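Biologist: I should like to request a close look at a single part of this model, namely its residues with an unusual backbone angle. Please explain each term as it arises.

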Amino acid sequence: MTMREKLELLERRRAESELGGGAARLKAQHEKGKLSARERLDVLLDDGSFVELDRFVVHRSTDFGLENQKFYGDGVVTGYGRIEGRLVYVFSQDFTVFGGSLSEAFAEKIVKVMDLAIRNGAPVIGLNDSGGARIQEGVVSLGGYAEIFLRNTLASGVIPQISAILGPCAGGAVYSPAITDFVYMVRGTSYMFVTGPNVVKTVTHEDVSMEELGGADTHGTVSGVSHFTHDSELACLQSIRELFRFVPQNNLSAPPRGQSTDPRDRRDASLLDVVPDNPNKPYDMHDVIRRVVDDAEMYEVHKDYAQNILCGFAHLGGHSVGIVANQPAVLAGVLDINSSMKAARFIRFCDAFNIPIVTFEDVPGFLPGVAQEHGGIIKHGAKLLFAYCEATVPKLTVITRKAYGGAYDVMSSKHIRGDYNVAWPTAEIAVMGPKGAVEVLFRKEINESGDSVAATDAKITEYRDKFAHPYVAAGRGYLDDIIDPRETRPRLIDALETLAGKRDKNPPKKHGNIPL
């Protein structure tokens, strides 16, 4: 063959590889409201930046008729590209080829890009749309999953790992996304479960739909497996691009700077009116955060899960920061099992990738009750404490109102290496709330009084005057300052820049033993 003939053959095979499982299967994919594997990469990556690897790989199976069914790429498109000019490694599973089922060759392609991502210090993004292990390959397929799980684990805390579930993801396949840092799902087309509805009905006699068992809203609101829920694949993929405004390439890199022109010294007088005069009245902590961060923008994580605590990324004076905030508008901002785990996971990500943590605190304590105690609030609350204690990135805390009991300690207090801790004049720092404290301390005196209501109110006022304010803590040096709420933004920006050269490390060890 001449060179021209060989080039023509190459082009034909390239074109064949881009058809995946064929035109009919691509049409069926589109009819389900889903993009093809390659179309997804076109949306995710900068125009023209994708470089494909292993385009011509095919499976090696000779059983059950597969020897006569071979497709270039074998069900997954792998390679690298750019997001806003930054290198990322990607794999996109192709449901049109054997239902996106994982074979030995399929797994090897994914393992290759994961190894390259670790070696070159770049994030890896997996677009999942697969029917699971390729049954015809048996244990070889299972071994392929294990190889991927190992890379997920070794890459954890070294490079950001992002998973988008854009179709089914079932059985052992779910554990790879579960190890990654962030999981994105799409309503109506994304499903994750260890066992499907039919198996559930057979074993437990529960009749449940795929959406109820493992749909995007289920994992976004109930299980917490998914961090982001979107209405379309386009919105999901654009949201992944948005994440890269805040996260670095790897654990040795600094986070990207924001491009805002929001004045660094901006004071916001409306912060004076956010916290109600009545300490028992709720307010939305989003109103505080929006008034402090650049351009009122926060990229919220786990928005619909454990809403009594807020987590997300923002820029503050151009600095990328992780925001953790109690939410008084939901359960009074109390800490419970789910909120503790949500925040702990987020804090550990920020610490792994050099992102300072800014905490807005208004917490009445840990949620009491039999369900919480039996569910393990002790060990789950300890995860949040462990995460804050372990973190060595700059940690800034603003107490807006309540900071009661052990929750005061947990929420990045000065005692657990908080770097810059300030309070608004509305702050109440005490072992417990005034009413509960009075009922414990003065029960006998109140019972013996002629008017228990008046006696209780008087003691509450006395307790509040003595303890429910920030001045005792400030007098001990547990707060660095009590600030005018209007100055919150410039004060935090100044602290971030002061802490830019922070050097802190934990004792040498293989790893800690977080209470899992």
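Modeller: The following account treats the backbone angle phi at two residues, together with their places and their exposure. The model is predicted, and local features need pLDDT of at least 70, side-chain atom pairs count only at pLDDT 80 or more, and totals for chains, interfaces and linings use all residues. Residues are numbered from 1 along each chain as its sequence is written, and side-chain values use heavy atoms, with hydrogens and water left out.

Most residues other than glycine have a negative phi. Glu84 is not a glycine, yet its phi is positive, at about 50°. Glu84 lies in the loop between strand E2 (76-83) and strand E3 (86-93); helices (H or I, at least four residues) and strands (E, at least two) are DSSP runs, numbered from the N terminus. With a relative accessible area of 63%, Glu84 is exposed. Buried means under 20% relative accessible area, exposed means over 50%, and partly exposed lies in between (1.4 Å probe, protein chains only).

The second residue is Phe98, which is likewise not a glycine and has a positive phi near 50°. Phe98 is located in the loop between E3 and helix H4 (104-120). Strand E3 thus borders the loop of Glu84 and also the loop of Phe98. Is Phe98 buried or exposed? Phe98 counts as buried because its relative accessibility is 19%, whereas Glu84 is exposed at 63%.
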